[in-house]
Structures are given as C-alpha cells and as structure tokens.
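Grab a pencil and open your viewer. Here are a few exercises to work through, each with a solution right below it.

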Amino acid sequence: MGSILVTGGTGYLGSFTTLALLQAGYKVVAIDNLHNSCSESLNRIELICGKRPEFYELDITDEAALDGVFSEHSDIEGVIHFAALKSVGESSEIPLNYYHVNIYGTIVLLRCMARHNVTNLVFSSSATVYGDATRFPDMIPIPEDCPREPENPYGRTKHVVELLIKDHFEAQARQAKRRACDRNGKQWNAALLRYFNPCGAHPSGIMGEDPRGGSLNLIPVLGHVAVGKLEKLSVFGDDYDSIDGTMIRDYIHVLDLADGHLAALKYLQVAQPGVRAWNLGSGTGTTVYQMLKAFSRAAGRDIPYQVVGRRAGDVLNLTARASRATDELQWTTRLTLEDACADFWRWISNNPKGYDQDPPAILVKR
Ligand code: NAD
Ligand code: WQD
C-alpha cells in the first residue's frame, strides 16, 4: 500500500481519519500549520494504534514546501484534504483569509498533485453548501443534487472549491486522454464529501476535539456547561417549525465520518468515478432539545439552559439524504447519538485541558 497525504492532519477530523488510515494499514503523511490544532494529537494516535504519521508543519499555501513533501514521498497515491479555516462567524469578519486559505490553498495542492501525477483526491466539503434547503420542501432530507446556495463566506469557499476541483480534474482528464502515452493512464477522481454535523470522540477517552480557540458548536458547549465552565446553554430559538420548536441537525460520530473517508478513497481507486459528491450524514434529524436530553443522560446530570433569540444565519433543518453513500460507497453510520454523547463526555470530563495535559494514566492502554 502506498502513502496517503492528509492535509490538516492534526485537526479534529484529520487526526481521526489519520488514525483510521493507519489502523487500515495505510502509511500516512500529514501536514498542518497548527493554526487550530496541536501535534499532541499525533501522540494520541500512536498511543491508540502504535503507529504515527510522518508529520510536516507547513502552510498549505506554501507551494515550495508542499511540493517538497510530494518529492520526498513518491509513493503518495491519494490525498485527503482537510486543511481549511472553518468558522462560519469568523468567515464574515475576515473573508479574505478564508478565500486565501481555503481556495488558494486548494489551488496550490492541486498544482502539486498534477506535477507529481497524484490523481485521487478526497475533499472536505460541508452541508453548509446547501444553504437553507428548507426552501425546497421536497429536498428534506437533503439529496446531493439539492441546489447549492451557501449563505456565508465559509460556505461559499467550499462551494467554489467543489467547482474548481471539477473544472481542474476534467481538464486534466481531457489532457491525459490527448497524450498518446497516457491513453491507458490514470483517471482523475475526486470525492466531494459533504459532512453534516460531526461530533464525538474516541471511546478510549484520550482523543477528541481540541480547537485552539475553543468551540461554539452545540456539543462542546453542552460539555462545558456539564463540567461547570459555562453557566448554561443558550438555546438559539424554540419557535421553529419542528417537533419541539428547536432546530434539527444530522449529527454523525467522528469515527463513522473517518470510515467514510476510507470508503470514498477505496471507491475512487476501484470505480474511477471522476468527480462526484456524497453526503456524509446519518440521515436522522435531532433537535437541540433532543440533543440536550441525550447529553444530560450521558453526563448523568441536568444541564441548565435558557432560550435566547434566534442565531443569525441558522437554518431550520439540515438532515442528509444518506442513500448515495450507502449504495455506492457501501458506507453507513454504525454509531448512535448516544455513543457520540458518551464518548464526548468521557473525553471532556477526563481531559479538562484537552491536549494541553497528559492523558489520564487510567485510560491509557499498557
Ligand atoms: P480543524 O480546524 O480541527 O482542522 C483543520 C486543520 O487545518 C487544523 O488542524 C488547522 O490547523 C489546519 N489549517 C488551517 N489553516 C491551514 C493552513 N493555511 N495550512 C495548513 N493547515 C491549516 O477542523 P475540522 O473540524 O477537523 O475540519 C476539517 C475540515 O472539514 C475542514 O476543511 C472543515 O471545513 C471541514 N468541515 C468540518 C465540519 C465540522 O463541523 N467539524 C463540518 C463540515 C466540514
Ligand atoms: C447546532 C444546533 C444551533 C450552540 C456548524 C457549521 C457548519 C458545519 C458544522 C463546518 C443549531 C444550536 C448551538 C449553542 C444552540 N461546520 N445551538 N446553542 O451551526 O449546525 O453547523 O458546524 O462546515 O458549517 O455552521 O452547528 O453545533 O453550532 O449548532 O442552540 O450554544 O445547535 O442553533 O441549531 P451548525 P452548531
């Protein structure tokens, strides 16, 4: 088996996917500039599976440095591209940074891949590309062909990158066909994976999400209330058109999400589909109140909350139609919301300082 290059490899989803790749027998080369993560995640990967990726601290927009990594690892046979800025709110404050890292960073990566004849790419897209899909009532749960009309700069960067990957890969494929020597050569394949709401942690309790600037997402906030770091959860509106008035999301355990990347990679290598999009979600919608209840059960305590006004930019329902990934990638979620809450609780309650502390000895396998 060759190597897989994972960009953003020390981040939340990148580190879990790196772990899954190593456990499946791949060699992994990881790059990250540590803007929103730290290299301790690599130690945790090694504690869990006894292997670690080869790591380079570099910026995705540094073409010479990235090219050097491809040169050093001529066995790279595919790329999984996580490196990006990902905060919806921040993207409205500093949109140029988002366009630079997310779009220009991808252009740099694609140029390096072309120079080194690496032709399989898995890209981290997002359900955010759909914008407010509730405008199309027959499009809930959301299929991949739902119109993409993102409503914030972050979502627009993901949409643009999807388009530029398609344009570039199709052009590369046409050029390869024209070159006589490449008539039977490699195809250019990309999986555009649109994640819904990834959550959870490793069941060992020693690996989880630890963004450098904290997280305002629902489950991390619930965790912080449960350990007393926050007084209460602010529920962003309970007057929506749902079973209990709160918004609906499709939460997916990070271990399932990581497996989805391996399934996509394998599919690209075997089926050679060109560029194709897949939703990675469970297909099940959960309201904020349902999540509150599930997390309270996992933590074994009541979580105080207060209903506040609606959050700008929120949409009522983001639930995936997940059948394309099941039918084509032979992938489906195996873990439940209860698993995600229990695993996240084990992580946050045992590691109050995240990766800035040693893992509790009792949780580390000997
Ligand atoms: P994350 O912030 O933990 O991981 C992203 C990684 O990219 C970080 O480690 C960060 O340091 C790195 N990075 C940022 N800028 C970089 C640069 N210029 N050069 C090199 N590395 C850089 O976020 P995540 O939750 O793991 O998300 C991974 C990917 O999945 C992102 O592309 C994100 O947009 C996408 N995504 C995430 C979610 C989610 O809810 N977590 C949902 C949909 C899509
Ligand atoms: C979930 C629900 C909130 C916090 C975000 C990004 C999306 C994707 C995944 C990257 C919503 C409600 C939350 C709180 C609350 N990331 N909530 N009180 O907004 O669905 O998706 O992460 O691509 O692009 O936007 O996730 O966890 O912030 O919110 O009531 O303190 O919980 O309103 O209904 P979201 P979230």
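The exercises below go from the overall fold to single residues, and the model is a predicted one.

**Exercise 1. Work out how compact the protein is for its length.**

Start with the secondary structure: the protein has eleven helices and 14 strands. Next, take the radius of gyration, which is 20 Å, and set it beside the 21 Å that the globule rule gives for 366 residues; the two are close, so the protein is as compact as a globular protein of that length. For the outline, the C-alpha trace spans about 65 × 55 × 40 Å along its principal axes. Finally, look at who touches whom: of the contacts between residues at least 6 apart in sequence, 80% join residues at least 24 apart.

**Exercise 2. Describe the surface and the charges of the protein.**

First, the surface: about 15900 Å² is exposed, and 49% of that comes from carbon and sulfur atoms. Then count the charged side chains, and you get 37 positive and 43 negative. Last, compare where the two sets sit: their centres lie 4 Å apart.

**Exercise 3. Find the largest nonpolar core and say which helix gives the largest share of it.**

Begin with the burial total: 55% of the 366 residues count as buried. In soluble globular proteins, nonpolar side chains tend to be buried together. Here the largest nonpolar core has 66 residues, and Leu21 and Phe295 have the most contacts inside it. Helix 8 (residues 254-271) gives this core its largest share, eight residues. Now zoom in on leucine 21: beyond its neighbours within four places in sequence, its contacts include Ile4, Val6 and Ile80, plus Leu262 and Leu265. A separate core of 33 residues has Leu5, Val29, Tyr98 and Phe169 among its members.

**Exercise 4. Is serine 125 buried or exposed?**

Locate the residue first: serine 125 is in strand 5 (residues 120-126). Its relative accessible area is 2%, and the cut-off for buried is under 20%, so serine 125 is buried. As for its partners more than four places away in sequence, serine 125 contacts Lys158, Glu162, Leu193, Arg194 and Tyr195.

**Exercise 5. Classify glutamine 23 by accessibility and find its contacts.**

Glutamine 23 belongs to helix 1 (residues 12-23). Its relative accessibility is 49%, and exposed needs over 50%, so glutamine 23 counts as partly exposed. Setting aside residues up to four places away in sequence, glutamine 23 touches Ile48 and Cys49. Cysteine 49 is 26 residues away along the chain, yet the C-alpha atoms of glutamine 23 and cysteine 49 are separated by 6.5 Å.

Terms used:
Residues numbered from 1 in each chain as written. Chains lettered and ligands numbered in written order. Predicted model: local features only at pLDDT ≥ 70, side-chain atom pairs only at ≥ 80, totals over all residues. Heavy atoms only, no water. Helix = DSSP H or I, 4+ residues; strand = E, 2+ residues; numbered from the N terminus. Rg over C-alpha atoms; globule rule 2.2 N^0.38 Å. Buried < 20%, exposed > 50% of the residue type's maximum accessible area, 1.4 Å probe, protein only. Contact = heavy atoms within 4.5 Å. Areas by Shrake-Rupley, 256 points an atom, 1.4 Å probe, with all protein chains shown as cover. Lys, Arg positive; Asp, Glu negative; His and termini not counted. Charge placed at Lys NZ, Arg CZ, Asp CG, Glu CD. Core = buried A, V, L, I, M, F, W, Y, C linked by side-chain atoms within 4.5 Å.
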